[in-house]
Amino acid sequence: MQQQIIRIVPQLRRFAFALTGNHADADDLLQNTIEKLLRQAPEGDEQDLTKWAFRVCKNLWIDEYRSRKVRSQATSQPELTDNQTVDGEHAIQSEIALNQVNQAMDKLPDDQRSLIALIALEGKSYKEAAAALDLPIGTVMSRLARARSALAEYLKVTPQEANA
Amino acid sequence: MKITDEKLSAFLDAELAENEMAEIRQQIADDEQIAMRLAELSMVDEQIRATYSQIDDQPLPQGLNDLLAQPSAATQTESNVVEMASWKKPVKQLSQFLSEHAAQAASVALVAGVMLGVFSQTQTSLPTATDNWQQQAAVLENSLSGDAFSLDDGSTLTPELTFINYSQQVCRQYKVSSSAGEISKHIACKSGDNWQKVASFYPETANNEYQTASGTASSSNVGAEQLMQQSIDAMISSDFLMPQQEQSLKQNKWQVK
């Protein structure tokens, strides 16, 4: 079990980051997810564990982290973070890109944000995403397409606004 | 067929039937606007991946490492997920063989329940052992466990575990999923500057029924996963490496100091 969990930590961490939008909340969410997995993971193979882990992570995010969005947005401001790296320019550019993508992701409904993270970021199949989020495959397909369309629109506009 | 965003989105993920995929390919070739729209949707994925993969470069907080390192009650009581005890239970014959030969990087092909074959490196009859090997080695060199990579032949390679063997070499266990959906698992160790495949494990059937650790393998029909676990058990000198340890070793070109 422990090894199975260790194997899925990188993908679960990216998923948590895509949901929360900042490192601190992502690692906090990841830790809570892993604690829950260790306490009450279902019997089954690694696929079952992975599916369950993503579902737990998404549910914890909805229950406990979205209300902290104000804090998340504050901590994602470059001037408010305390972990500036030596490569300051690169770090600030990364923060700006993160802010832009976060702002676009924040406009998506929960399921769409989870789906784009599972499929575009983690490369899950529609079947795997449907199982993890307990949705029909047809719904996965339509909501994912809406998420991509919306993000394409938001991300197209944002850089122009930033340069204005 | 009307090309909607939903169709293009599913096309990007290769989740349409082949006839629909072909039709959209044709329309992309014929209609620049459709090609542009596909590019826009594809750019979304690129931005999402580039942005949220950044966290891979950040070390895991110590609290998380500690949590992952400590044995859990669940691990000790659940018997049909992964029996940790089975990782520690040596199978004498196989253990001895691997202990003696793994250091010389002998290649072992284990076909669960069908055969246990031993091949020297100079033989070429090991199924798929040399196919794409350079590419596989490059993935092992540049990736951490848990990340999946597509290879040129359409297969996907996912490193799953990393450990150090008794010869103080870094070894990695990884999974290869072929484009046809067949799954095999392998172990490779870093010897000098090169990765060398030490063992390959193939399921008994080719219909995706890869035996897992939860399989109730009998002595006459041992699951591929269980054989692999036994092999690792014979080779491993300490615990599996944590993500942070992997990151550190990767930066050191997988050389144990």
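In this predicted model, B:K253 lies in the segment that follows α10 of chain B. The phi angle of B:K253 is near 55°, a positive value in a residue that is not glycine. Most residues other than glycine have a negative phi. With a relative accessible area of 54%, B:K253 is exposed, because the cut-off for that class is over 50%.

The segment after α10 of chain B also holds B:W254. This residue, B:W254, likewise is not a glycine and has a positive phi, of about 60°. The relative accessibility of B:W254 is 1%, and the residue therefore counts as buried, the limit being under 20%. The segment after α10 thus contains an exposed residue, B:K253, and a buried one, B:W254.

Helix α10 of chain B spans residues 243-251, and B:P243, B:E246 and B:L249 are buried within it. These residues cover an arc of only 120° around the axis, so they lie on the same side of α10(B). The buried residues of α10(B) pack against elements of both chains: α1 (2-20) of chain A, and β4 (156-164) and β5 (170-177) of chain B.

On the other side of α10 in sequence, B:L241 is placed in the loop between α9 (224-235) and α10 of chain B. Its relative accessibility is 8%, so B:L241 counts as buried. Neighbours within four places in sequence set aside, B:L241 is in contact with B:T162, B:F163 and B:I164, and also with B:E246 and B:L249. Of these partners, B:E246 and B:L249 are among the buried residues of α10(B). The C-alpha atoms of B:L241 and B:F163 are separated by 5.6 Å, although the two residues are 78 residues apart along the chain.

A further contact between the chains involves helix α6 of chain A (residues 110-121) and helix α3 of chain B (residues 32-52), whose axes come within 10 Å and cross at roughly 90°. The two helices, α6(A) and α3(B), are therefore roughly perpendicular to each other. From α6(A), the residues that take part are A:R113, A:I116, A:A120 and A:L121; they meet B:V44, B:D45, B:I48, B:R49 and B:Y52 of α3(B). Sorted by class, the contact of α6(A) with α3(B) comprises 6 nonpolar and 3 charged residues, with no polar ones.

Overall values were computed for each chain. Chain A has 8 helices and 0 strands, and from the N terminus on its elements run α-α-α-α-α-α-α-α. Chain B, in turn, has 10 helices and 7 strands. Of the 164 residues in chain A, 55% are buried; in chain B, buried residues account for 46% of 257.

Contacts between residues at least 6 apart in sequence were also considered by chain. In chain A, 65% of such contacts join residues at least 24 apart, and in chain B the corresponding share is 49%. The accessible surface of chain A comes to about 7,100 Å², with 49% of it belonging to carbon and sulfur atoms. For chain B the accessible surface is about 12,800 Å², of which carbon and sulfur atoms hold 49%.

Notes:
Residues are numbered from 1 along each chain as its sequence is written. Chains are lettered from A and ligands numbered from 1 in the order in which they are written. This is a predicted model: local features need pLDDT of at least 70, side-chain atom pairs count only at pLDDT 80 or more; totals for chains, interfaces and linings use all residues. Side-chain values use heavy atoms; hydrogens and water are left out. Axes are lines fitted to C-alpha atoms, for helices over the stretch in contact, and angles run from 0 to 180 degrees between N-to-C directions. Helices (H or I, at least four residues) and strands (E, at least two) are DSSP runs, numbered from the N terminus. Angles under 35 degrees count as roughly parallel, over 145 as roughly antiparallel, 65 to 115 as roughly perpendicular and the rest as oblique. Contact means heavy atoms within 4.5 Å. Ala, Val, Leu, Ile, Met, Phe, Trp, Tyr, Cys and Pro count as nonpolar, Asp, Glu, Lys and Arg as charged, and the others, Gly among them, as polar. Buried means under 20% relative accessible area, exposed over 50%, partly exposed in between (1.4 Å probe, protein chains only). The arc is that of the directions from the helix axis to the C-beta atoms. Accessible areas come from the Shrake-Rupley method with a 1.4 Å probe; for residues, only the protein chains shown count as cover.
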